[in-house]
Structures are given as structure tokens and as C-alpha cells.
Amino acid sequence: MSVTTTPNGYKLDTGGQRVVIDPVTRIEGHMRCEVNVDSNNVITNAVSTGTMWRGLEVILKGRDPRDAWAFVERICGVCTGCHALTSVRAVEDALDIKIPTNAFLIREMMAKTLQVHDHVVHFYHLHALDWVNPVNALKADPKATSKLQQLTGPKHPNSSPGYFRDVQTRIRKFIESGQLGPFKNGYWDNPAYKLTPEADLMAVTHYLEALDLQKEFVKVHTVFGGKNPHPNYLVGGVPCAINMDGDMSAGAPLNMERLNFVKARIDEMKAFNDNVYIPDVLAIASFYKKQLWGGGLGAKSVMDYGAYPTVNYDKSTDQLPGGVILDDNWDNVMEVDPRDPTHVQEFVNHSWYKYPDESKGLHPWDGITEPNYDVSSAKGTRTNIEELDENAKYSWIKAPRWKGHAVEVGPLSRYTLAYAQGVEYVQEQVHKSVAAFNALAGTDLGAKPILQSTTGRTLARALESQYCSDMLVDDWNALIANIKAGDTATANMEKWDPSTWPKECKGVGVTAAPRGGLGHWIRIKDGKIENYQCVVPTTWNGSPRDPAGNIGAFEACLIGTPVERAEEPVEILRNLHSFDPCLACSTHVMSEEGEEIVSAKVR
Amino acid sequence: MAKIETFYEVMRRQGITRRSFLKYCSLTAASLGLSPSFAPKIAHAMETKPRLPVLWLHGLECTCCSESFIRSAHPLAKDVILSMLSLDYDDTIMAAAGHQAEAIIEETITKYDGQFLLAVEGNAPLNQDGMSMIIAGKPFSEQLNRVSQHCKAIISWGSCASWGCVQAAAPNPTRAVPTHKHPGIANKPIIKVPGCPPIAEVMTAVIAYMITFEKIPELDRQGRPKMFYSQRIHDKCYRRPHFDAGQFVEEFDDEYARKGYCLYKVGCKGPTTYNACSTIRWNEGTSFPIQAGHGCIGCSEDGFWDKGSFYDRLSGIHQFGIESNADEVGGTAAAIVGGAVAVHAAASAIQRATSKTDQGDS
Amino acid sequence: MSDSSISTDMSHEITKHTEAVYVYEAPVRIWHWVNALAITVLCVTGYFIGAPLPTMPGDPSSSYLMGYIRFAHFASGYVLAVGMIGRIYWAFVGNHHAKQLFIPPITKEHIKGMIHEARWYAFMEKESVKCVGHNPLAQAAMFTMFVFGTFFMIITGFALYGEGAGMGSWQYEYFSAWVIPMFGASQDVHTFHHLGMWFLIIFIIAHVYASIREDIMSRQSMVSTMISGWRMFKDNRP
């Protein structure tokens, strides 16, 4: 039992009760979390563990760089497409391929559609049950629920008492059947749930509405990429050729009907964000006005690469500009350069990997990954872990750091950076939401205390979804304008043939993935992938400790959070889910040296 | 055993009239490609069947199968979850976590032994003692085997559970194995629904068929439901006339790409891929990869990651060098043999000439 | 056919004949040339199925190039398969030379003959063996390359044809249903079918060259034998 303070300022106390949550559910992939809870039921130590590893970069070695997008896309089926996009950007960067404007706009629309879809599904289907109690919704008065709906989201058409009564009846019969399905063994009598029955009923209703609507949003991917999940991408542009007004345009990938179809989906996204998602988040948040904890690293150090330029290849036009803020100093936004070997580095001394010198970090272009699964100092056996030892290796996730600093990534980081850098749209959104929150909660809080919390992380995600649906409208209009101006090119095939490539080259691609800044680093030699590395958002957020002892964002957000019942992880899940963890993304990492181990282990 | 409600009872309780219930049944019959005479049979099945408990386990995967599942339009995912199945364990959507979640597995095994369905998404790795996929501190392998001993049947969702998929691509660093090859898996019927991911409506239709007809759909030799996997994408592709006419996209975004010609020459694997993409299509029939201008990458086929570039028509053959295909290997071999023949012919001619001279001299 | 050594040891048919012998009966000769034509068509069309010709512009209804190429391929495939069945039938009812094609070269004497022929091709022997049918080395090549190769192509070919004919077709039930799982996936069957074509092309190169060379340099006629059926001998030594 020891008390220590980490270099990034968190007091850790390993005394008290140790609580293990494995699996952490309602996330993508597999994760374990252990916390120490003191006698006041406050979390004093947290240990987050990625519990899966797939080794995708080893698999990529020696393959055609033009195929890489499909492999890395399968890192994650939830944020589907963002790894593919990052991959084609990295390959194009390495080979110096510039894509046509239409391809840029179509890729932007696919990326923003993903943001909206992912954020909506995350909030309603992965995160909502941390805030909303469906059992409690049975006690609601449908008339009062209707009033609440008209107060918080007056423009949403589904607001009649009869509508809510129908949904309530359906939920009641479902719960009364005794077969609770996904709601089984939930923590429904835990006082950590704060909503009124009416708010619960409204939220459950929107859980079902969102489930119906999310399948509409992704049809934008289906038009441009052929399917969802896992739409198709192309190095050099997009595969969907444009034929607006010519011979056989009906059978072409993109024509007027297809673009109108996309527009209809964009309008649905915008309406849902404006009328349902944002009002719901604000309404729910107002019931948790006294639970504004969990800011963690998000209240201190944040990072993003910057995203959504209005002019391709011009970072200065980013609509969500990137950078790094350290120690909550919003006046000093530093630049992040993914090519600089001193900026992004990964450490492994607490990860189940091996480096020759584990006190140092490695830049992704020079990364090494050699699996080294070792739980010898943990409680339990090698194949039955009871309690991990956070002073030894304890996760399949590496620890990436920016110039040695632990930083948080994600919508909250992007919004912090955009707000600090004076992006008007973002500032207006934040001010409006703060005012709405205060009005509903009867408080008088500023932007920081609301944003720098579990609630704030969830709110920033909703605001980003709304921003993206507005940007989607702009992108669609820009695409039409560009086609109207006579440009119908969708792919640059000049360097498609590997014989046109340099003998050796390297590139980097960055994207604003739903969970935060995503980077892929590639080295190409003789037309084949020599080394491939991904540093993904959940690697940043879910990272274990680094050699200096800094803790990552998941662990930081839990420190100091009080829990109602130590044995029921409602608050822990709520805090962790506010990051939208994506474990399959974070734990695939592998590189150059990888193949040796493979030959030793497999053959 | 607790009283289990039938599908019909659930629908009635939820305020659905008998009339719309019957309409639902005939639509189900139509969507399954059955004649209208099947509608009463479906109605009867749904009136008498309890909601089927399902344990949906996740191994090494990317969750694309679950994501696809919730895209289902007919039936809607919410109707499947609320009215058709009892999805008691699915770590992607379930409220409970940690030991409250794991307790559900044991409870289901006790309460519904031999009665529930095991749905597997992803697969189990065997390297690192199985600990590159940990659930509740233990290898996922153990959970998979334990649940398989007590289930009624197994659905292998997607290419991971059916074939191995991306983590099993060469060199398969974690030694991930599909469900049917997993050491210790119980000898239960396995229905493979491959695809990365499978089409949403295919997933829900397989479930609906099993509930409605109380039997496993007819499977082909590789264990896939014949109703969706008996034809290649090529066989029903809307661009097939262009293939037959010899009209191909030569390069992306060329004149022919804009006319929707056949993508065969830019690597489309439609001719070798068994799936329903060209008939049922994706996301409520909105489109499918070929319509959106990219060739099929063959994601429902065994080992599709290791058949060479997605943009080459012919498979890569790694045994013969870094980058070669059947034509290069065969052409090279034929050239070598041809060269050898020429040399041999020349040598023969010389020998003949010299021996004739010898004879002349003698 | 009075020589007892011929009837008991058909495997390589080394002979002491001095006069012409009727070796290839008409059905064998017809089969040979029809088969040669079918294989030629199969190779050419097969190659273009794997690597199609440049795009035909215009409306799809105005041309059917791939369709014709594939039709020619399938039709020739049937000719090859039916011819093979006929040839097997003739192995039973035809003269004893007709059986030689299907006999694996495994006897001791045969191997001795093979070594001799190999040395003859390597210019290490002054004279070839004198044969009525195939020489021992040719018989080995015929069996391992041609017979095995052709059976492989017929089986994989029908497996691929069955994919298009669909489940329920006899091609699918008898071929695709087991061949595809055996190879793993449809794409693999395509790849090996394609490699099989090159295997046969290599055989053909060697076969054509060896026949012409034997015609000129060995002690018996070759090319004309497959036309007339008669084997002529150039000397009367044993």
C-alpha cells in the first residue's frame, strides 16, 4: 500500500478495496479495469488494461501499399473507414500523390458521416445506459414526458403523449417478460442514476429512434464506398466515378439520384443532431449537475492533429485546428508535428512488449514491437489473472506520449483546442450549450467546469456531431459546385503503377477519428510495405504508465471520482465510456522487428 | 424453467394487432424467398415459440458484425432484440459489466442448458497461451469452449469466426483460429455466415429462419446457408452484361468507370466470391461495392487476404517470388523450357552435322 | 504382333522390327488431332479469360466478346473431356498400343529404357531405343504430364464451370462441391487451373519438339505416324 504522486500531478493511493471490472462492456474490443476505492468510496488508483492483441502490422509487412487500407480498416468496425482513410493518406503522402477535389470532398463527407454515426451510436447505444435507467422509465407519466420533450427539443415531431405511452408499453412488456436481454443484470436500483422517470422514458425512446436512424446515416458510405460497415477506399482518390449527364450514367457510381440520396441522409443527420441529440445530452447533463467530475487529463493536457480543411492540403483552413495544450494553459497552443521524431513517441515498459531500452520512447517510423506477455508479479496465474500489478507490465496497449507528456485526445480535446484558438462556430456552440445547461440545471457555471468533466466529454462529442452535420451540408454544396464547374475527376491514377514509385519512401496520414487524433506511419521499399505503424486514439487515452510514471487519460479520469457502490461500476463505466473506448484499435500495434518473433513463435 | 413467452405473445403485448402480425409473417416469407403459402406456417411458428436465448461472444474481432447487425432494416434491429431473441449476453451492448456480466453466462447455462444459441463474433488466438484475448482474466478460448458445451447450435458470424479473417492472414501472429477449428469446441452444428461483415439482412434472416422453422437452414459443404451463399456475386451482378460483352474498366476513373463497365480487370473478385451482395445488396438495398465503383475484394471467402492484391485479377503466388501470378510463373517456366528446347535443337543439329561428317569420312 | 516380348512387355515396346508397323488406329489419330485443336483453343481462350482483351466500347448489347471467348472455352472443354472418355474407352477396345498412354512407367526395364533415352537426349548415347509405341521417356512424360495434367484440368475446369451452372447442376454436385473446399476457395481453384494451363503448354512445347527431333534423328518415324498410323523404321538393326 503506497501513496505516490505522478509527474503529471495525480495522487495515487493503492490502499483500500481493489475492484476489478473485466470485461468492461459497451465498448469496442476488450478491456479490463482495476481501481482502488478508499473508505469514502472515492477512487484513489486506477489501472486500465487492453486485453486483446491482433498483430495487424506484422501481417501488413511485405504487402502492396495500395491494399493496406482494407487491412487496417478491419482494425475497427465501429469507427469503420477512418483507418482506411488514414491509410490512403499515409500512402499518398509517401508516394506524393495529390487527389482531385471531388475525391477530397467525398472523403470528407464519408469521414463526417462516420463522426455523426459513431457519436450517435456511442451516446445512445453504448453510453446512455450509464446515465439512463430503462426500468425507471416505467414509472413515467407519458404526458409529462411529452412536455419535457417539447421543452428540451421542441422541433422533434415525435413528441405526443400517445407516442411515449406506446414506447412505455413496449418497454414494460419487455421488462415484465423476465427475459431482459441486454438490460439483464444492470444496476437499476443504484442511486447513481439521477434522471426523473420522464427523462428516462424520453431517453429510452430516443435510444430506439436512434437505433432506427443510424442505419440511414451510414447509407452515405454505401453510396460512396459500396457498403457499411467497411466501405471501400482507393489510393489516389475515390472509386466512385461521376457521370452526371451522359451515356449510361444510370449505372455509374455517382449520378444525380445518388447525390440526392446522400443529401437526404445529410438532412436527416442534421435534423437529428439539432432536434434530438444535442437537446438530450443537455437535458441529461442537467440532472447530473452535481456529478461534474472525471475531467482528468482533459482538464489539463490535450492534443489533436487538426482536421477538416476547407481547402485540401492547406492545414491553415482546418475547421477543427489541431495543436497541444499543456497544464490547462489555453493561451499557449503548441504545434504537433507527426513527422518530428521527438514529438510522438511510444513507450512499452508497462506494456506486454519488449524494447532493447525500455526507458526510451520510439517514433512510429522507427517503432519496434515484440510481444512479451508477462504477468509473473500479478495475483493469480498466467491464464487466470486475479489482480494485475501496475508496477510491472499490465496491458496490450503501448504508451504514446507527446514530447514525453501524457495527453488526452478526442472530441473534448478537439473542442478545447478549437475554442482556445477562437473558432467562432465552436465558441458559439459552447456558449449556447453552457447557457442551456445552466437554464435547465439552475446553475451559473462557466464553460470550463462543464466541459472538463465526464459530462463535458459527452457534450463535446454531441457538439462535434452537430458541427459535422453542418460541415456535411457545406461539403455537399461544394461537391455540386465543383461538378458544375466542369470537374468530374475522382481519382489520380498517375502513380498507380508501382514502377512509378521511388525505391524507398515514407509517409504519414492523420485523421480526426471519432475517438481522437489518429495517425498512421508507413515506410515503403521496392513497392512493398516495409513498416507500418498506427498510433490510435485509444492508445493515447487508454495507455498504461510510462517510464516517468505519468498516467494516461482513462486512469486519470477515474482518480477522485466518488462511487455510490464500490461493487457496482456505474460511475467507472460512465467515466470510461465518455471516451468511447475502442480497444481493437488500440491494441494491434506491431512493427519491423515483429516478424522475427513470429517466426520464432509460430513456425 | 421460467415461463418463456412466444414471439407472438410478445408482439401482442407490445400492442401489435393480429392483422399486422399476419402481414409481418407474409413479408417475412417474401423476404426469405418463400411462397405466400408459408405465411401461415410462420405465423403458427411465432405464436408457439418462446424467445430464443442468445449468448453472443466476442473474440479477436473489430465489431463490424455487430455494427452490421444493427443496420438491419427488415426486421429492424430493435425488433430483433426486443421481440425475437433474448440477447442475454453481448458485451458490446449489454448494460452489465465485470462479474455481473459473467454471471449471466453461468445463469443461462443452468437455466437453458442445450436450449440457447451461441453466436460467435471474432475468433480465439492460441499463441501467448490464448492470453492475447483475455475475458475476465482468462483466455477467451476457455469461455468459448465452456459455452459451446451447453448451447444448441453455433452461429459463426462473419469471416473471423468462419475462416479466421484479417488477424489470421499470413503470418497469423496470434495463431487465431475460426470456431470450427478451435481446439475443444463442442460438437454442435455450426452455421457459418461469412463476410467482413456479413450483410445485415442476411444476419437477421438467418436468425429469423431458425426461429420460424425451428431448424438450421440448409448448409453447403462448407457450412454456409445455401439461401444466401449459393451463388457468386458475379452470377447476379448488374454489370454482368458488360463482362460478357468484353467491356471493362481499364483504370479507375477512366471513361469506362464512368459508364459502369465491368471491374474484372481492376481486380474484382466477384467471379470467385459466394455472397448475396449483388442480389440483396447493402444497407437496405442501397448499393454494393461494385455499384459504387470498387471491385469486390472477396471478403466472404476463406483466406481472401492472402490471394494477392485486391487490384489484380490473378492471385499472387508467393512461393515463386515476391510478386508473381499464374501467368508470370507459367510464362517464365514456358520460356525456360522453350529456351532449353531451342538450345537442345541447336545442339542436336550440330551433333547431327558432325556425325554425318564422321560417316562421310569413314 | 507375333513377337512375345511385345505382348508381355507393353510398357515401353522396345522392338526389333524392321518393317513398318500399324501403331495408331484411326480413332486414336482422330482423337489426337481433335484433342490438339481443343487444347489450343482452351489455352488461347483461357488466357484471355484471365487477362481479357482491351475494352470494346459502346453499348453492351452490341457485342458479346467475352461471352464468345468463354463459350469457345467451355465448348472445347467439353470436347477435351468427351475425347478423354472416348480415348479411355479405346484403351480397352483398341490395339495394345492404345493402352500405353495410361500405364505409369514403373517397371525396372522401363526405367532402364528411360535412363537410356535421357542419355540419348543428353548426347551421351549414339542411338535411341527403337520403339513401336512411345519411347520409355516419352511414356513417362505422357503419363505424368499429359494424362495427369489433362485430368487435373478437366476436374478443376468442371468445378469452375459448375460455379456458373449453379448449385443443383451436375457439374456443381459432382465437381464444384468437393473441389472448391479441397482447394480452400474458388479463387484458388482458378489459380491452379491457370497454372495447369502453363503446365500443359510446357508439355506441348516438349512434345512437339521431341516429335520433330525424333522424326529427324531417331530410328523411327514420328509425325507421319500420327497421320498415317504406320511406324516406319530407318534401320534394321535391333
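Helices here are DSSP runs of H or I with at least four residues and strands are runs of E with at least two, both numbered from the N terminus. By that count, chain A has 18 helices and 16 strands. Its radius of gyration, taken over C-alpha atoms, is 24 Å, close to the 25 Å that the globule rule gives for 603 residues, so chain A is as compact as a globular protein of that length. The globule rule is 2.2 Å times the number of residues to the power 0.38.

A word on the model: it is predicted, local features need pLDDT of at least 70, side-chain atom pairs count only at pLDDT 80 or more, and totals for chains, interfaces and linings use all residues. Residues are numbered from 1 along each chain as its sequence is written, while chains are lettered from A and ligands numbered from 1 in the order in which they are written.

The C-alpha trace of chain A spans about 70 × 60 × 50 Å along its principal axes.

Now to the neighbours. Two residues are in contact if their C-beta atoms, placed from the backbone, lie within 7 Å. Chain B is in contact with chain A, through 85 residues of B and 95 of A, and with chain C, through 46 residues of B and 36 of C. On the chain C side, α7(C) gives the most, with 15 residues.

The table sorts both sides by class: Ala, Val, Leu, Ile, Met, Phe, Trp, Tyr, Cys and Pro are nonpolar, Asp, Glu, Lys and Arg charged, and the others, Gly among them, polar.

| Side touching chain B | Nonpolar | Polar | Charged |
|---|---|---|---|
| Chain A | 46 residues | 28 residues | 21 residues |
| Chain C | 22 residues | 12 residues | 2 residues |
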